[in-house]
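Student: Hey, got a minute to go through this one with me? I'd like to just throw questions at you as they come up.

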Amino acid sequence: MKFYYDILVIGAGHAGCEAAAAAAKLGAKTCLMTMDMNKIAQMSCNPAIGGIAKGQIVKEIDALGGYMGIVTDKASIQFRMLNRSKGPAMWSPRAQCDRVKYSIAWREILENTPNLHMWQDCATELITQENKAIGVRTQLGAEFYAKCTILTAGTFLNGLMHIGKVQIEGGRISEPASKGLTESIEKLGIRAGRMKTGTPVRLDRRSIHTELTDIQHGDNDFHKFSFTNTKRELKQRPCWGCYTNPDVHKTLRDSLDDSPLYNGQIQSIGPRYCPSIETKIVTFAERDRHLLFLEPEGETSQEIYVNGFSSSLPMETQLNALRKIPALKDAVAYRPGYAIEYDYFDPTQLRHTLESKIIENLYFAGQVNGTTGYEEAAGQGIIAGINAAHKIQGKEEFTLRRDEAYIGVLIDDLVTKGVDEPYRMFTSRAEYRILLRADNADARLTERAYQIGLADEERHQRLLDKQNKVSSLIEFIENFSVKANLINNGLEALGTTPLSRGCKLSSIIERPQVTIKSIADYVVPLKNVLNNLSNDSEEIIEAAEIEIKYKGYIQREREQAEKMRRLENIRIKGRFDYNTIESLSTEARQKLTAIQPETLAQAGRIPGVSPSDINVLLILAHKSMFHVEQN
């Protein structure tokens, strides 16, 4: 059988779901192909969304009109805002989710999205014509033809799992690997490699002595992931913390010869920032304990995810080691942890739209680009979906700058710098993280999404209403004057220095000890303004307070971003034969020739291209522009 679509998405993980939903919402007839329709948006590892910098990506996906934030709020069983002791640039939302309900919520959305069909099958071969992707052949013998194909196969391409000396082919436990697709793509000249990730043992909560752990409850305030009016409706559950000890480490160390990571069985590279427990005891041999979090997998499930104990050691070693922890002395396991190796494709072979530079109309998103994490995958997925739809509709490319979104940082890092280990997003990767806060993702991105038709009218109007209220509150605070004799009692109560003379209210709120809500008890006009705000008053107050307290920092970073944007506007792709420019370093010539950066700013972010190399290109670019103007 032959099927014809505008866009074909291979893989229904987090990248594939966002890609398919975005493409279909933009009017493209889309097919989402998955090996198992009961595993849509499956959380292969921890059923948690967000975390440091990852939470910001989810907020950005939501602001763009994607669904990860909405689904997370629906499936959340514990929400926390991480890094609250630091500035708002570092605040990162995180939610523990019900694994099953998360997947069900995603499937419900996809099955009710116009223009979107689903097909259960495995793609085995990419079909091309004149260096253009035109579809795939499948395991069932069907042929799917499409104007654009988006590959989001996650860890399934030639996936191989390791539990001690046991090796099992598969993309996830009890799920088959995808064979043939990598090989058909490599034949086209696209470079592939191997990476590794892992997951920990799952335990039965009833076998855990939680009274011997440190209980950790979630936050119970207005924060959530979606800027829409979704609510957390599921029963909120606690997590628990405990530590490994020297006896645990000895048990693990005695079995290192059976570890695929250390006996040569695994050759590929794993994530440095999410190491296995065996890697921890080797790398940090001086430490006698490591923190573990025991996290529930569902609202009513007894299954517990042992965060911090990812392992590929033999299953008896994993369980024997865990039982050396007092709280886990009677631990009963559902299944052991395992490592998994899989194929990925060098992301420097992609454009910022995530389209292949080698095969036209072929897009890559998610772990196939060398990333790790649901959030990084979903962020790539929505961009690939938008651009595939735009390409077949003859519309302009949709990309995000580094000063515009963490998604922009992520994709720019991938296509410019490449990866030598599974890529994970951190706030430290963003030069403009004061601009890229979780609270203002809607202000940064929803207008852009609305202009292309991805964010609907309701979402857009919600943004405009919020911005008007925030602006009005800031204007009131900046213009309202307070008298010393009327405010000093309040200032002393809040632990800050009294005034010697009156000042604007904004000067008071700039103080670290003072918040808008705390000072409102002593400023009646302000309290009246706050009382007149709508149901989303907490969100409005927080947004206004951040803008007031960090006004100087925000302005300075905007100015820095504007300076860099000038280099982003100097396009250099196709203008130079780098191999003939002898004033460039040898490494710069090689890297620039291989990557072919679009702009001078992108060239400056390529490892091995020095500031002096950029100066050379800047001079040549100006000479070239001057020559064109003279002619």
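Student: Let's start with helix α8, residues 315-322: which residues are buried there?

Tutor: In α8, Thr317, Gln318, Leu319, Ala321 and Leu322 are buried. Buried means under 20% relative accessible area, exposed is over 50%, and partly exposed is in between, using a 1.4 Å probe and protein chains only. Helices (H or I, at least four residues) and strands (E, at least two) are DSSP runs, numbered from the N terminus.

Student: What do those buried residues of α8 pack against?

Tutor: One helix and several strands: α6 (246-253), plus β10 (160-163), β12 (192-204), β15 (291-296), β16 (303-310) and β17 (333-335). A contact here means heavy atoms within 4.5 Å.

Student: And Asp254, where is that found?

Tutor: Asp254 sits in the loop between α6 and α7 (277-283). With a relative accessible area of 53%, Asp254 is exposed. Asp254 is 63 residues from Thr317 in sequence, yet their C-alpha atoms are 9.1 Å apart in space.

Student: Before I go on, what kind of model is this?

Tutor: It's a predicted model, where local features need pLDDT of at least 70, side-chain atom pairs count only at pLDDT 80 or more, and totals for chains, interfaces and linings use all residues. Residues are numbered from 1 along each chain as its sequence is written, and side-chain values use heavy atoms, with hydrogens and water left out.

Student: OK, what's the mean pLDDT of the chain?

Tutor: The mean is 95, and 99% of the residues reach 70 or more. Over residues 626-631, though, pLDDT is below 50, and that stretch has zero contacts in the model beyond near neighbours in sequence. pLDDT is the predictor's confidence in each residue, from 0 to 100. Where it's low, the predicted coordinates should not be read in detail.

Student: Zooming out, how many helices and strands are in the chain?

Tutor: There are 21 helices and 21 strands. The C-alpha trace spans about 80 × 80 × 50 Å along its principal axes.

Student: What radius of gyration does the chain have?

Tutor: The chain has 26 Å, which agrees with the value near 25 Å for a compact globule of 631 residues. The radius is taken over C-alpha atoms, and the globule rule is 2.2 Å times the number of residues to the power 0.38. Buried residues make up 58% of the 631. Among contacts with a separation of 6 or more, 73% are between residues 24 or more positions apart.

Student: Switching to holes: how many cavities of 30 Å³ or more turn up?

Tutor: Four, in a search of the whole structure. The largest cavity has a volume of about 60 Å³. On a 1 Å grid over the protein atoms alone, a cavity is a set of points where a 1.4 Å probe fits but cannot get out; a pocket is an open set with protein on both sides within 12 Å along at least five of seven lines, and lining residues have an atom within 4 Å of a point. Grid points are joined across faces, edges and corners, and a volume is the space filled by probe spheres set on the points.

Student: What lines that largest cavity?

Tutor: Phe227, Asp442, Thr446, Arg459, Arg462, Leu463, Lys466, Asp536 and Glu539. α11 (441-452) and α12 are the elements giving two or more residues to the lining, and α12 gives the most, with four. By class, the lining has two nonpolar, one polar and six charged residues. Ala, Val, Leu, Ile, Met, Phe, Trp, Tyr, Cys and Pro count as nonpolar, Asp, Glu, Lys and Arg as charged, and the others, Gly among them, as polar.

Student: How about the second largest pocket, how much space lies in there?

Tutor: About 540 Å³. Of its 26 lining residues, Phe222, His223, Lys224, Ser226 and Glu539 are the closest to the centre. α12 (457-479) and α17 (537-549) each give two or more residues to that lining, with the largest share, four residues, coming from α17. The class split is eight nonpolar, six polar and 12 charged.

Student: Last one: Asp412, buried or exposed?

Tutor: Asp412 is buried, at 2% relative accessible area. Asp412 lies in helix α10 (residues 406-417). Leaving out residues up to four places away in sequence, Asp412 touches His352, Arg402, Lys417, Gln602 and Arg605.
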